[in-house]
Amino acid sequence: MRALDGTRAVLMDLEGTLYAAGQSLPGAADAITALRTSGIAVRFLTNIDSRTPHEIALELVGLGLPVQAEHLSTPVTAAAEVIARSPGARVLALMSPALAANLPSVVAEPPYTHVVVGDCREVLDYALLDAAFRAVRSGAELVALQRGKYFKRPDGDHVDTGAIVAAVEYAADVTARVVGKPSVEYFQAAAVSAGVDLAACLVIGDDATTDIAGGRAAGAVTVQVRTGKFADQSRTGAGEQADVTLDSVADLPALLVGRS
Ligand SMILES: [Mg+2]
């Protein structure tokens, strides 16, 4: 592991790391402030694919967390960048109309060049799933905003985007391109926005399959917190081992500050 005193930016997960069950976690807001005060850039990297950065930032500020939309990356913004780099794109969007409005080149009829799958709770039915399959079968690229199996809510766990992606992959016998975590490109873009190399970044999150696996692949120091999905994953052994494990994000400044 690289020495921690080389850390110039922290790429921080949101759900399960800064807040859980609709409440900010104890010490999370102070941890962000302490990092910034010590000159470490903080960027927020989420796999939330159901809201825009602006909506998410408003919600977090409501929970007392100092998070600005311009420091926040979501898979929706990452997918929009991928599509924008593809001339002549024609996109079939499996997501709510409000979210699809954030993607360029969404069209209503085939032929399609890309099938982008995100939070589709509001729109998913057999006809849409079948249209996605037929488009991919005809050569469109399957793009997953993220491939989480389930997400947590105060009332329990719910089916996530990854299960829908897996249905199309299975039927069409393809592997989706993932634009959210654990994609190295996603971490790379956040590092660029902080003005530092990935090698000077620390990735912190609760999910060993996205935050830690992606952070390791990106060459950053990884820190897993024992909040959010940690308990589920330590039971099943899912994901990768982090360089450091902390009880919560509140312990991060003590790990870094004073060394920087
Ligand atoms: Mg998380």
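By helices and strands I mean DSSP runs, with at least four residues for a helix and at least two for a strand, numbered from the N terminus. Counted in that way, the chain in front of you, which is a predicted model, has ten helices and 14 strands.

Let me begin with the overall dimensions. The chain has 260 residues and a radius of gyration of 18 Å, and since a compact globule with that number of residues would have a value near 18 Å, the two agree. Along the principal axes, the C-alpha atoms fill a box of roughly 55 × 40 × 35 Å. Of the 260 residues, 46% count as buried. As for how the chain folds back on itself, if we take the contacts between residues at least 6 apart in sequence, 66% of them join residues at least 24 apart.

I turn now to the sheets. One of them is an open sheet of six strands with parallel pairing, and its order is β5-β4-β1-β12-β13-β14. Its edges are β5, residues 72-73, and β14, residues 244-246, and because each has a single partner strand, one side of each is left without a neighbour in the sheet. At the β14 edge, the partner is strand β13, residues 221-225, and this parallel pair is held over three bridges; within the pair, Gln 224 stands opposite Thr 245 of β14.

A further open sheet is made of four strands in the order β6-β7-β8-β11, and here too the pairing is parallel. The edge positions belong to β6, residues 91-94, and β11, residues 177-178, each of which has a single partner strand, so that one side of each lacks a neighbour in the sheet. Strand β8, residues 141-144, pairs with β11 in the parallel sense over two bridges, and Val 143 stands opposite Arg 177 in β11. Across this sheet lies helix α5, residues 126-137, which covers β6, β7 and β8 and runs at about 145° to β6.

There is also an antiparallel pair, formed by strand β9, residues 150-153, and strand β10, residues 156-159, which are joined by four bridges. A hairpin of two residues connects β9 to β10, and Arg 153 stands opposite Gly 156 in β10.

For the helices, I would like to look at one packing in detail. How do helix α7 and helix α8 cross? Their axes, for α7 over residues 184-194 and for α8 over residues 208-218, come within 9 Å and cross at roughly 75°, and the two helices are therefore roughly perpendicular to each other. On the α7 side the contact is made by Val 184, Phe 187 and Gln 188, while α8 contributes Gly 214, Gly 215, Ala 217 and Ala 218. Sorted by character, the residues of this contact are four nonpolar and three polar, with no charged residue among them.

The backbone has some local features that deserve a careful look. Two peptide bonds are cis: the bond from Pro 110 to Pro 111 has omega near 5°, and the bond joining Lys 181 and Pro 182 has omega of about 15°. Pro 111 lies in the loop between α4 and β7, whereas Pro 182 is found in the loop between β11 and α7.

Positive phi values also occur at residues that are not glycine. Ala 21, in the loop between β2 and β3, has a phi of about 50°, and Ala 21 is exposed, because 12 other C-beta atoms lie within 10 Å and 12 or fewer count as exposed. Asp 173, in the loop between α6 and β11, has a phi of about 60°; this residue is likewise exposed, with 8 other C-beta atoms within 10 Å.

I finish with a loop residue of another kind, Thr 17, which is found between β1 and β2. Is Thr 17 buried or exposed? Thr 17 is buried, because 28 other C-beta atoms lie within 10 Å, and the cut-off for a buried residue is 20 or more. Not counting residues up to four places away in sequence, Thr 17 touches Met 12, Ile 204, Gly 205, Asp 206, Val 225, Thr 227, Gly 228 and Val 249. Of these partners, Gly 228 is 211 residues away from Thr 17 in sequence, yet the two are 6.4 Å apart in space, C-alpha to C-alpha.

Conventions:
Residues numbered from 1 in each chain as written. Predicted model: local features only at pLDDT ≥ 70, side-chain atom pairs only at ≥ 80, totals over all residues. Axes fitted to C-alpha atoms, helices over the stretch in contact; angles between N-to-C directions. Parallel < 35°, antiparallel > 145°, perpendicular 65-115°, else oblique. Contact = placed C-beta atoms within 7 Å. Nonpolar A, V, L, I, M, F, W, Y, C, P; charged D, E, K, R; others polar. Rg over C-alpha atoms; globule rule 2.2 N^0.38 Å. Pairing = 2+ DSSP bridges.
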